[in-house]
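Reader: I would like a close look at one residue, and then a walk outward from there. Please keep it brisk.

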Amino acid sequence: MDAILDSIPQLIKDIEQLEDFKAEKENERQLLESQNQKLRYRLKLLKEAGIKESNEESSMNSINIEEHALINLHSILISLFSNAIKTAYPTLEDIGQPAVSAGSKFADYQCNASMQICKLLKAKGENVSPNVVAKKLVECLGQCNIIEKVDVSGQGFINVWLSRNKLRDILQYVLENNLKPKPLTNPQKIVIDFSSPNVAKEMHVGHLRSTIIGDSLCRVFEFIGHDVLRINHIGDWGTQFGMLIALLQDKFPNYKTESPPINDLQQFYKQSKVLFDSDLEFKKRAYECVVKLQSMSPDHVQAWKLICDVSRKEFQKIYERLNISIIERGESFYQSRMENLVKDLENKGFLENDNGRKIMWSPESSIPLTVVKSDGGFTYDTSDFATLKQRIEEEKADRIIYVVDSGQSVHFDILKKCAIHSGLLDPSKVRMDFVGFGVVLGEDKKKFKTRSGDTVRLVSLLDEGIKRARDKLVEKGRDKVLTDKELQLAETAVAYGCIKYADLCHNRSHDYVFSFDKMLDDKGNTAVYLLYTLTRIRSIINNLGTHTQDLNEPISLDHDKEWKLAKTLLRFSEVLSKITEDFCLHHLCEYLYDVATIFNEFYDNCYCIEKNPQTGEIVKVFTGRILLCKVTAQYMNTGLNLLGINTVSRM
């Protein structure tokens with residue numbers, strides 16, 4: 001017996017060591033599982049890149065116009081130089097994407113990969129000059145009919161000149177068939193979550209960025225050919241509805257048979273909040289209303305629907321003014337799905353009790369998700385987890401994009417990690433992206449507020465924009481030359497276009513200063529400048545009259561300014577490709593500003609129409625240049641539409 005008692009401490013020690021060993025191995029397993037998921041996703045990307053590269057390589061020799069009307073010159077050149085590097089130096093690894101840039105003073109494009117290759121060769125004991133490397137790459141460069149010639153200059157810079165004839169053919173095809181991409185073989189299902197106001201609260205300037213950025217991203221992905229689901233994840237569930245229903249019952253006891261006049265929901269909400277914070281009896285009834293609503297009591301559901309309908313109508317007025325299409329799907333939609341999610345996570349052992357709360361950890365996060373509160377209620381964590389599950393399992397999404405302010409980045413990072421840990425989200429199959437953005441500042445560089453310190457109502461901002469746009473047009477005397485209808489269309493296009501463009505032309509991750517004076521300026525990188533340029537082009541074409549019947553010559557690309565404009569236009573696809581990866585719409589704004597600036601350079605240097613100075617009659621039309629004007633208008637109109645900016649024929 002004594003021997004058994006003596007062995008107990010050692011047994012306890014052994015058990016503790018085994019427990020420690022088990023915990024250590026579990027951590028290793030989770031780490032390996034996480035690494036494995038990343039490697040699977042990386043493998044998928046590599047396979048896709050390999051297929052794409054193989055397809056591109058097989059078609060490099062001859063670019064088919066019909067297949068490549070929305071051609072990405074930059075991508076083609078990168079593929080050509082990547083293949084040349086593999087052929088010239090097959091043993092080199094970790095080279096990455098070769099540096100190919102446009103706008104060189106010496107050529108149309110330039111490749112600067114030689115220096116990097118020299119460094120990698122030197123690490124292997126080979127000393128070769130960049131010039132020698134560059135010449136070897138040129139020797140191994142495959143043939144492609146968009147390239148006119150290639151040479152090497154200086155310290156190994158590879159200069160590329162494009163074929164004017166081929167680029168003319170591409171622009172000619174766009175002119176005749178419109179600017180549209182080739183239909184995708186495998187379009188993705190993309191869910192984009194944006195705008196997301198709360199019921200019973202007015203949309204304010206804080207909703208502006210999510211709404212504008214989200215809508216433009218939808219337009220870009222839809223234009224490319226993907227199946228986009230535009231979701232408005234509104235706040236239409238929770239404690240605040242207990243407060244609102246309790247007040248509705250007090251103020252309008254006949255709400256079930258008469259529609260109560262609660263058009264000012266913001267004020268209604270404030271009244272309910274004051275009572276909730278000061279009246280214990282009201283607070284108790286508010287909580288009882290929440291419970292009855294969640295148990296689907298018919299009277300409480302009817303009251304809830306009534307409040308949501310009033311709010312929905314106000315939201316829709318904003319969306320119609322901004323020309324935004326969106327599908328409402330509030331938190332209430334996920335109530336039963338939240339209940340099922342909690343059961344599923346509990347059954348799989350992912351939830352842990354924390355002083356009555358049910359929380360979930362991921363191995364890669366130091367903060368847990370709170371899935372169930374201590375009172376048994378659900379949280380934003382629960383709602384967003386159930387939302388993600390619904391989008392993956394029911395919507396069959398390939399990509400899920402959240403357009404939300406940057407302050408919520410930690411929340412969505414934890415959500416993503418927990419979703420991966422639970423097995424719900426497989427990054428090799430479904431891509432989840434958080435598209436954060438900064439805040440809107442006033443001209444004092446502080447958060448944009450009214451003079452009284454209140455948050456700026458979005459409807460007030462739009463009204464002010466309309467007033468200022470009209471004043472600006474009248475100041476320029478446009479009311480004297482435009483009809484009432486044309487003036488109304490112009491002021492709307494300018495007002496809303498300026499508000500949208502002022503947001504989108506900044507890097508979304510940065511804060512920006514909101515200034516009507518700057519955004520209504522007709523010089524510089526503004527919507528007004530772009531709209532004026534487009535209407536100027538349309539005016540040139542409209543002034544041709546009967547001369548439009550003779551537009552059957554090739555597009556003119558002989559003058560340096562013509563050629564510069566053509567090359568700029570054909571960067572369009574490259575810009576869209578960037579946006580689909582980093583979700584930054586300022587790339588498109590910068591592109592359109594470049595197009596407008598370079599078009600005005602071209603127009604100032606190249607006669608498009610020659611008129612008799614005495615009579616004003618047209619004596620000569622430079623048809624090739626008029627056609628370049630027409631194709632420029634197509635690119636500008638398409639780009640502005642992708643930004644959600646309406647264009648007009650006259651301003």
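Is Gln267 buried, partly exposed or exposed, and what is its relative accessible area?

Author: First, a caution: this is a predicted model. Gln267 is partly exposed, because its relative accessible area is 38% and the partly exposed class runs between 20% and 50%. Gln267 is placed in helix H8. Its C-alpha atom is separated by 8.8 Å from that of Lys201. Along the chain, Gln267 and Lys201 are 66 residues apart.

Helix H8 leads on to a pocket. H8 spans residues 265-278 and gives two or more residues to the lining of the second largest pocket. In fact, the largest share of that lining comes from H8, with 4 residues. The second largest pocket holds about 1200 Å³ of space. It is lined by 42 residues. Closest to its centre are Ser196, Asn198, His204, Gly206 and His207. Other elements that give two or more residues to this lining include helix H6 (208-224) and helix H12 (380-393). Strand S11 (399-403) and helix H13 (409-422) are also among them.

Now for enclosed space. Rolling a probe the size of a water molecule over the atoms shows where empty space is left. The count here comes to 1 cavity of 30 Å³ or more. The largest cavity holds about 40 Å³ of space. Its lining is made up of Lys472, Leu473, Val494, Leu520, Val528, Tyr532 and Met651. Two elements give two or more residues to this lining: helix H14 (458-475) and helix H17 (527-542).

Next, the aromatic rings. The structure holds 14 aromatic pairs. One of them joins Phe572 and Tyr635, edge-to-face. Their ring centres are 5.8 Å apart, with 85° between the planes. This pair links distant parts of the chain. Phe572 is in helix H19 (residues 572-582), while Tyr635 is in helix H21 (residues 623-642). The two residues are 63 residues apart. Both Phe572 and Tyr635 are buried. They also belong to one aromatic cluster, together with Phe223 and Tyr591.

A second pair has another geometry. Phe599 and Tyr603 are stacked, at 6.0 Å centre to centre and 15° between the planes. The pair counts as stacked because planes under 30 degrees apart fall in that class. Phe599 and Tyr603 both lie in helix H20 (residues 586-605). They are 4 residues apart, about one turn of the helix. Phe599 has 0% relative accessibility, so it counts as buried. Tyr603 is partly exposed, with a relative accessible area of 27%.

Charges also sit over rings. Lys136 lies over the face of Tyr89, at 4.6 Å from the ring centre. Arg625 has its charged end over the ring of Phe622, 5.4 Å from the centre of that ring.

On to a sheet. Strands of a sheet pair through backbone hydrogen bonds, either parallel or antiparallel. One open sheet here has 4 strands in the order S1-S2-S4-S3, with antiparallel pairing. Strand S1 (100-102) and strand S3 (147-153) are its edges, and each pairs on one side only. Neighbouring strands of the sheet are turned by 25° against each other on average, direction ignored. S1 pairs with strand S2 (residues 109-111) in the antiparallel sense, over 3 bridges. One bridge partnership joins Ala102 to Tyr109 in S2.

Last, two backbone details. Most residues other than glycine have a negative phi. Asn178 has a positive one, near 75°. Asn178 is placed in the loop between helix H5 (164-177) and strand S5 (189-193). With a relative accessible area of 46%, Asn178 is partly exposed. Asn355 is not a glycine, yet its phi is positive too, at about 55°. Asn355 lies in the loop between strand S8 (351-354) and strand S9 (357-360). At 74% relative accessibility, Asn355 counts as exposed, because exposed means over 50%.

Back to the starting point. Gln267 is a partly exposed residue. Its place is in H8, and H8 gives the largest share of the lining of the second largest pocket.

Conventions:
Residues numbered from 1 in each chain as written. Predicted model: local features only at pLDDT ≥ 70, side-chain atom pairs only at ≥ 80, totals over all residues. Heavy atoms only, no water. Pairing = 2+ DSSP bridges. Axes fitted to C-alpha atoms, helices over the stretch in contact; angles between N-to-C directions. Phe/Tyr/Trp six-rings, centres within 6.5 Å; stacked < 30°, edge-to-face > 60°. Buried < 20%, exposed > 50% of the residue type's maximum accessible area, 1.4 Å probe, protein only. Lys NZ or Arg CZ within 6 Å of the ring centre and 35° of its normal. 1 Å grid on protein atoms, 1.4 Å probe; cavity = no way out; pocket = protein on both sides within 12 Å on 5 of 7 lines; lining within 4 Å. Points joined across faces, edges and corners; volume = space filled by probe spheres on them.
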